[in-house]
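Colleague: Got a minute to walk me through this one? I'd like to start with the helices.

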Amino acid sequence: MARVLLVDDEILARTLYRDYLRAAGHEVTAVDSVQRAKEELAAGSYDSVVTDLILPGGGGMEVLRHTKELYPGIEVVVITGLDKVDPAVRAIKSGAAEYLVKPVAAEVLQHAVHRALATRELLRENAALRRYVTLLETGQRISTTLDRERLADTARAAFQGLGLASEVVLFERDTCGRARLLSDASPCAETREDPRLAFLAPHLDGSREARVLERVPGPWSRALVVPAVDGEELLGHAALLYPGAPPEGITEATSFLARCLALALRNLGRISEVEDLAYLDDLTHLFNTRYLHLVLDRELKDAQQTHGVFSLLFLDLDYFKTVNDTHGHLVGSQLLREMARLLKGCVRDHDVVARYGGDEYVVLLRHTDSSGALKVAERIRRTVEQHRFLQCKGYALTLSTCIGVASFPEHALEKATLLDLADRAMYRGKKGSRNVVYMAAKDLEATPPARSSQRTGS
């Protein structure tokens with residue numbers, strides 16, 4: 001059954017056509033003027049309009065134009081006593097579904113309304129299909145994005161472009177289960193300068209249900225927090241912000257895009273795991289020289305742009321070769337692994353410790369000048385000197401280390417020069433008393449050129 005608005009100024013025709021349509025099972029409201037038709041369209045919800053072409057106060061073409069402009073989902077059937085081509089052409093061009101000439105038989109009117117309703121349903125299905133196709137294409141763009149920064153932009157544009165949110169804040173969960181802004185390395189608990197984030201952070205828990213939050217700080221009154229879940233794993237959240245209540249009927253679309261976001265985060269995680277394997281030393285599980293050069297390039301660029309500082313420590317174990325000669329290479333490898341753990345315990349989490357080769361290590365101290373680097377180097381030297389290696393295995397070996405220190409921009413402005421100066425400063429200690437820390441100096445007397453990162457001991 002459909003709701004039909006019948007517009008005809010003739011009482012007989014109005015009564016007759018109303019009876020025809022009711023006999024077909026439709027609910028019919030009959031009016032006699034253009035103004036009454038506009039009022040009914042504004043007050044009620046109709047599926048179709050049947051209108052006479054000649055009416056007081058504007059005519060059937062006015063009803064047709066008004067309906068198509070303000071209620072484009074309603075199909076209009078035009079009836080007229082004028083058996084002429086021009087009015088029919090104008091009506092069809094203006095969007096009429098059917099054009100009937102009086103007298104109109106019951107079967108003809110019923111069939112015309114039926115076809116108009118079928119056309120309306122087909123157009124609705126096509127519109128829904130287009131929305132689904134657009135949603136699918138948008139989801140594919142999200143799920144196939146393999147760069148974190150681009151993923152944040154792509155997903156944010158997707159939610160906003162489909163009219164699902166006024167503003168979007170995206171989060172991912174790190175390996176410890178903490179929420180952080182997508183493409184931002186800082187946990188959201190550290191981003192207190194944005195009151196929205198401080199407000200949202202407590203709600204980014206392990207829940208897998210979408211929730212509406214009220215009294216969001218700033219211009220937004222509500223937020224819809226949608227979990228990004230892949231399988232059983234919660235990988236992130238999309239927080240959709242609104243000045244009022246969230247639009248109705250968006251649950252399916254937001255959940256689908258959130259699942260696509262979760263899939264993209266899953267893929268990024270797998271890529272990171274592969275990258276970790278490529279950048280980790282097999283023996284010590286520290287970073288290798290490949291990663292060291294990569295992170296040094298980034299650190300150098302950031303320091304140049306922000307006028308920042310950083311320092312390098314170049315370490316070499318004293319007389320490590322005697323450990324291999326005396327106890328064997330297996331014990332030597334175990335000692336190198338223990339040395340790696342010792343080093344990581346002497347520096348901050350965001351500093352980088354890399355195995356340069358053999359018994360050599362390089363430490364990148366972020367945001368640290370030469371004075372601070374000397375203190376860290378001395379702490380490492382003293383820790384190594386006092387440590388008893390492989391004590392749990394019955395060896396209790398003692399070792400010492402030489403450490404060279406070079407800082408940006410104090411000693412050099414280029415990566416290769418910094419590494420070379422730190423290496424030369426370390427080698428200066430190897431030539432002397434050992435178990436010592438040396439600061440790099442540009443005027444350091446000539447020493448043998450920087451040695452291969454593959455040498456195995458000294």
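Modeller: Sure. This is a predicted model. Take helix 5, residues 106–143. Helix 5 has 38 residues.

Colleague: How far does helix 5 reach from its first C-alpha to its last?

Modeller: Helix 5 spans 55 Å. That is close to the 56 Å expected at 1.5 Å a residue.

Colleague: Which residues of helix 5 are buried?

Modeller: Among them are Ala106, Leu109, Ala112, Val113, Ala116, Leu117 and Arg120. The list also includes Leu135, Thr138, Gly139, Ile142 and Ser143.

Colleague: Switching to pockets. How much space lies in the second largest pocket?

Modeller: About 240 Å³.

Colleague: And which residues line the second largest pocket?

Modeller: The lining is Ala128, Arg131, Tyr132, Thr134, Leu135, Leu162, Leu164, Gly249, Glu252 and Ala253. Leu135 is also one of the buried residues of helix 5.

Colleague: Which helix gives the largest share of that lining?

Modeller: Helix 5 does, with five residues. Helix 8, residues 251–279, supplies at least two.

Colleague: How does the lining divide into nonpolar, polar and charged?

Modeller: Six residues are nonpolar, two are polar and two are charged.

Colleague: You mentioned helix 8. Is Glu273, which sits in helix 8, buried or exposed?

Modeller: Glu273 counts as exposed, because its relative accessibility is 52% and the cut-off for exposed is over 50%.

Colleague: How far apart are Glu273 and Leu117?

Modeller: In sequence, 156 residues. In space, 56 Å from C-alpha to C-alpha.

Colleague: OK, charges now. How many salt bridges are found in the whole structure?

Modeller: The search finds 27. One of them pairs Lys102 with Glu10. Their closest N and O atoms are 4.0 Å apart.

Colleague: Where in the chain do those two sit?

Modeller: In distant parts, 92 residues apart. Lys102 is in the loop between strand 5 (98–101) and helix 5. Glu10 is in the loop between strand 1 (3–7) and helix 1 (11–23).

Colleague: Are Lys102 and Glu10 buried or exposed?

Modeller: In between. Lys102 is partly exposed, with a relative accessible area of 21%. Glu10 is partly exposed too, at 43%.

Colleague: Which residues are linked with that pair in a network of salt bridges?

Modeller: Asp8 and Asp52 are linked with Glu10 and Lys102 in a network.

Colleague: Give me another pair.

Modeller: Glu75 forms a salt bridge with Lys68, with the closest N and O atoms 3.6 Å apart.

Colleague: Why does Glu75 count as buried?

Modeller: Because its relative accessible area is 6%, and buried means under 20%.

Colleague: What about Glu214 and Arg222?

Modeller: Their side chains meet in a salt bridge, 3.9 Å from N to O. Glu214 is partly exposed at 45% relative accessible area. Arg222 is partly exposed at 27%.

Colleague: Last topic, the nonpolar core. How many residues are in the largest one?

Modeller: The largest nonpolar core has 32 residues. Those with the most contacts inside it are Leu313, Leu315, Leu335, Met339, Ile380, Phe389 and Ile403.

Colleague: Which elements each supply at least two residues of this core?

Modeller: Three are strands: strand 11 (310–317), strand 13 (360–366) and strand 14 (401–408). The helices are helix 10 (320–327), helix 11 (329–346) and helix 12 (370–386).

Colleague: Which of them gives the most?

Modeller: Helix 11, with eight residues.

Technical notes: Residues are numbered from 1 along each chain as its sequence is written. This is a predicted model: local features need pLDDT of at least 70, side-chain atom pairs count only at pLDDT 80 or more; totals for chains, interfaces and linings use all residues. Side-chain values use heavy atoms; hydrogens and water are left out. Helices (H or I, at least four residues) and strands (E, at least two) are DSSP runs, numbered from the N terminus. The expected span of a helix is 1.5 Å times one less than its number of residues. Buried means under 20% relative accessible area, exposed over 50%, partly exposed in between (1.4 Å probe, protein chains only). On a 1 Å grid over the protein atoms alone, a cavity is a set of points where a 1.4 Å probe fits but cannot get out, and a pocket is an open set with protein on both sides within 12 Å along at least five of seven lines; lining residues have an atom within 4 Å of a point. Grid points are joined across faces, edges and corners, and a volume is the space filled by probe spheres set on the points. Ala, Val, Leu, Ile, Met, Phe, Trp, Tyr, Cys and Pro count as nonpolar, Asp, Glu, Lys and Arg as charged, and the others, Gly among them, as polar. A nonpolar core is a set of buried Ala, Val, Leu, Ile, Met, Phe, Trp, Tyr and Cys residues joined through side-chain atoms within 4.5 Å.
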